[in-house]
Amino acid sequence: MSARATLPAGSPHGLPDGAARPGVDVARSSRHRGRVREARLVAGLSVALVVLAAVGMTLGDASVPLSGILDTVLGRADVLTQFVIVELRLPRLLTALVVGAALGLSGALFQSIVRNPLASPDIIGITQSASAAGVLGVVVLGISGLALTGLVLAGSLVAAVAIYLLAWRGGVAGYRLVLIGIGVAALCMSVVSWVLTTSDVRDAQAALVWITGSLARSDWSTLNPLLVCFAVLVPLTAYLAPRLRSLELGDDAAAALGIRVERSRLLLILVAVGLAGSAVAVVGPVAFVALVAAPIARRTLADGRLALVPAALVGALLVLGSDLVAQFAIPDVTLPVGVVTGIVGAPYLLWLLVRTNRSGRGG
């Protein structure tokens, strides 16, 4: 009897059905470990957010114990405690969480789409274009509320489309998008500076939030439009995430898998711009959160995963923690949250520029 006749049937490789294949098992085991590690990171970040939020609710001129928070949730708190928590602190806390999550998710999308660690909305001109639109709306047009939010979102989208078209050369390369975005950012900040220097002092004071992000004016009226945008854009991100995984393999590999590369890239960019623009429309440009959230999440996982959910949670943790530092670190001095995130993010940006320059990945 020949050797071929002794091989079990049921497999093109002569292996019985269900038999272990080392390469396949290793890949499955690696994916399983990656999912477990990501789930643990998400759980840990969620617990940290809950703890930090609870601590933040107790801080302030009107001190509220943890039991007061529980009483408010259960509807047993007195009128003053309920007012302090529900009307004053909860809107600011939720705004910080949603803004941070939106910026973190937006940065993760941009960096994955372009495959460049410098590609984030606060580097490539998206938040600066939103700032320019906000300043023009407040100072020149005299609008506020939903009209201002719509104008800021429209300005962000127009700038994103302009950057995309200017970077297009039969496709979009990461370094071109980053360089053109930096140029657009400089142009937008020039517009902001010109409007502020030529406007009335009172108008300029009202527009300062569009230079350095601040949560000081957070309330339910500004939070609700942000929640609506977030509720629409997060499911779109989840729907487009499989295409993003394919795009990370490279344009040729993604096309071979049946992905319409440029259409998918444009849709993902528009979603990322919507996330960043809706956040900036409420609190102004909170610097560097979008830049650092995804790298922190990916380095924690250390397996090259997209880490979209961890990036959103890291962004929320950064904004909430920075806001608490801005409010209470210096007695009798309240800083804009963008000042604190800038202090944290600027050294990281310098380190990233040095690192990418040495490894040849910056351009």
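A residue counts as buried when its relative accessible area is under 20%, as exposed when it is over 50%, and as partly exposed in between. Keep that in mind for the tour below, and remember that what you're looking at is a predicted model.

**The overall picture**

So what is the chain built from? Going by its elements, it has 13 helices and 0 strands. Read from the N terminus on, the pattern is simply α-α-α-α-α-α-α-α-α-α-α-α-α. The chain has 363 residues, and buried ones make up 46% of them.

**Helix H3 and its surroundings**

A good place to start is helix H3, which covers residues 79-114. Its axis comes within 6 Å of the axis of helix H12 (residues 308-328), and the two cross at roughly 135°. The pair counts as oblique because that angle falls outside the ranges for roughly parallel (under 35 degrees), roughly perpendicular (65 to 115) and roughly antiparallel (over 145). As for handedness, H3 passes H12 in a right-handed crossing.

Helix H3 is also home to Glu87. Is Glu87 buried, partly exposed or exposed? Its relative accessibility is 40%, so Glu87 counts as partly exposed. Now look for Asp219: it sits 132 residues away from Glu87 in sequence, yet their C-alpha atoms are 7.4 Å apart in space.

**Helix H5 and a nonpolar patch**

Next, head over to helix H5, where you'll find Val158. With a relative accessible area of 59%, Val158 is exposed, because the cut-off for that label is over 50%. Val158 has a partner to look up as well: the C-alpha atom of Ile126, 32 residues off along the chain, is 9.4 Å from that of Val158.

On the surface there is a nonpolar patch made of Leu157, Val161, Leu165, Leu266, Leu267 and Leu270. Together these residues have about 440 Å² of accessible area. Which elements give two or more residues to the patch? They are helix H5 (145-167) and helix H10 (261-283).

One of the patch members, Leu270, lies in helix H10. Leu270 has 31% relative accessibility and so counts as partly exposed.

**Three residues side by side**

Here are the residues whose exposure came up above.

| Residue | Helix | Relative accessibility | Label |
|---|---|---|---|
| Glu87 | H3 | 40% | partly exposed |
| Val158 | H5 | 59% | exposed |
| Leu270 | H10 | 31% | partly exposed |

How values were computed: Residues are numbered from 1 along each chain as its sequence is written. This is a predicted model: local features need pLDDT of at least 70, side-chain atom pairs count only at pLDDT 80 or more; totals for chains, interfaces and linings use all residues. Side-chain values use heavy atoms; hydrogens and water are left out. Patches are made of residues with over 30% relative accessible area and no salt bridge: like charges are joined within 9 Å, nonpolar side chains (Val, Leu, Ile, Met, Phe, Trp, Tyr) within 5 Å. Accessible areas come from the Shrake-Rupley method with a 1.4 Å probe; for residues, only the protein chains shown count as cover. A salt bridge is a side-chain nitrogen of Lys or Arg within 4 Å of a carboxyl oxygen of Asp or Glu. Helices (H or I, at least four residues) and strands (E, at least two) are DSSP runs, numbered from the N terminus. Buried means under 20% relative accessible area, exposed over 50%, partly exposed in between (1.4 Å probe, protein chains only). Axes are lines fitted to C-alpha atoms, for helices over the stretch in contact, and angles run from 0 to 180 degrees between N-to-C directions. A crossing is left-handed if the near helix is turned anticlockwise from the far one by less than a right angle, and right-handed if clockwise.
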